[in-house]
Amino acid sequence: MATFECTDCGTVDDDVPTRCPDCAGVLNAVYDYDTIDLTQAALADRDGTWKHHELLPFVPDGIGEGTTPLVAAPRLADELGVGQVFIKNEAHNPTGTITDRAAALVAAAAERADADTLALPTTGNGGQSAAAYAARAGLLSRSFVPSRANFINKAMINVHGGDMRVVEGRYDDAREAYQTAREELPAADEEAWFPAGPFDSPFRHEGLKPLYYELVEQLDWTVPDAVVAPTGHGEAVAGLWKGAREFESVGLTESTPRLYAAQPDGCAPIVDALDTDSDPEPWSVPDTVVGSLEIPDPAGGLPAVEAVRASGGEGVAVDDQDLLDSAATVAQHEGLEVSIACGAAAAGAWDLAEEGAFDADDTVVLVNTGTGNKDADIVRSRLMSQGI
Ligand SMILES: N[C@@H](CCOP(=O)(O)O)C(=O)O
């Protein structure tokens, strides 16, 4: 059974909370790991991404999220000069993105809280996921989306029946519009809107940690040496680290991987904090082609920085041109259509390899956060500008 602990003041709540009732800090689900009896053999007999139910607050119904392929990338391994590279391919989620994992648990939490609406500011993917999972649960979704968001995200929010407010500008403009709308809600409606944005509740980052559980089992219970994850709000990195610590706590593994947070250099507050050994500061002029990673003031900046630091990894910031080229290289060398966010992880892995961050026998996992289809026009434009 989970209780929820504030990462700022330590207050514990055992209801279905969103932020800390005392200080509005970020909450984390905590479990009594000493009482959890999980073995590799027992897990081999279970199916599905939510099979580690002892390590979850509850199990959502789901629509096929998770259990995504871990695909070997031998040419990348050669190019990086490491033992093995794998790509955890989150493109296989129902709406083609890692955020489906988060939305599945958030929708289940909203039902338990008797809310009727998932409400969030989003760069696009989170809104599409929320719209899909809200539809499945018979809830409404209200997404506040910047005008620059991906066409497919916006179209599919509509197709799922979600309410969408397109806000002129970038993610911070959408977030401001969301906050204003929340503040203007009549008191009677406040409870109806379940906050479904990153770190607005303990459930989104909690929903991401099975990604780590899966990849360890897919590697035949070997802990990878390094995981490189595209990083915006820090949800994926925080979820990966929590999963890694938990598997170690319950005795399923004996070590944890080094985590590397990859961000575009046009918006890299988490990498900057890691490089300067400080807390994340809002990025003043965000400007990157990767809309889903253009998060100047990440909701999970501190948890992400702490996770990367504790893991022994580091941050890596990459140029837009390099990350687009890297997404195309993964498509051309490994046949996988990855998001341009994953292009940041791939470009980051090349930079990390060059600086000697990996050993020759390392197993390195890159997280592909979503389908390349949503970004096809951007990568294609880059290739055309090179005359390809
Ligand atoms: N959500 C992003 C990728 C990962 O970002 P983070 O917010 O979990 O750090 C996406 O949709 O591409």
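1. A definition to start with: helices, at least four residues each, and strands, at least two, are DSSP runs numbered from the N terminus. With that in hand, Gln218 is easy to place: it belongs to helix H9. Please keep in mind throughout that this is a predicted model.

2. Is Gln218 buried, exposed or something in between? Its relative accessibility is 36%, and because the partly exposed class runs between the 20% and 50% cut-offs, Gln218 counts as partly exposed.

3. What does Gln218 touch, once residues up to four places away in sequence are set aside? Its partners are Thr68, Pro69, Leu70 and Lys88. With Lys88 there is a polar contact between the side chains, at 2.9 Å. Thr68 is 150 residues from Gln218 in sequence, yet their C-alpha atoms are 9.9 Å apart in space.

4. Moving along the chain, look for Pro224 in the loop that links helix H9 (210-218) to strand S10 (226-230). Its relative accessible area is 2%, so Pro224 is buried. Leaving out residues up to four places away in sequence, Pro224 touches Leu215, Val216, Leu219, Pro257, Thr363 and Val365. Phe194 makes a useful second landmark: it is 30 residues from Pro224 along the chain, and the two C-alpha atoms are separated by 36 Å.

5. Now to the ligand. Which of the 13 residues around it come nearest? They are Asn125, Gly232, His233, Gly234 and Ala236. Two of these glycines offer polar backbone atoms: one in Gly232 is 2.7 Å from an oxygen atom of the ligand, and one in Gly234 is also 2.7 Å from a ligand oxygen atom. Ser292 takes part through its side chain, with a polar atom 3.0 Å from an oxygen atom of the ligand.

6. How much of the ligand does the protein bury? Taken alone, the ligand exposes 330 Å², and 94% of that is buried by the protein. If you are browsing the cavities, the largest one is the space taken by the ligand.

7. A last stop is Thr95, found in the loop between strand S5 (84-89) and helix H3 (99-112). Thr95 counts as buried because its relative accessibility is 8%, and the cut-off for buried is under 20%. Apart from residues up to four places away in sequence, the contacts of Thr95 are Asp100, Gln128, Ser129, Ala132, His160 and Lys374.

Notes
Residues numbered from 1 in each chain as written. Predicted model: local features only at pLDDT ≥ 70, side-chain atom pairs only at ≥ 80, totals over all residues. Heavy atoms only, no water. Buried < 20%, exposed > 50% of the residue type's maximum accessible area, 1.4 Å probe, protein only. Contact = heavy atoms within 4.5 Å. Near = heavy atom within 4 Å. Polar contact = N/O pair within 3.5 Å; in protein donor to acceptor, adjacent residues only side chain to side chain. Areas by Shrake-Rupley, 256 points an atom, 1.4 Å probe, with all protein chains shown as cover. 1 Å grid on protein atoms, 1.4 Å probe; cavity = no way out; pocket = protein on both sides within 12 Å on 5 of 7 lines; lining within 4 Å. Sits in = over half its atoms within 2 Å of the grid points.
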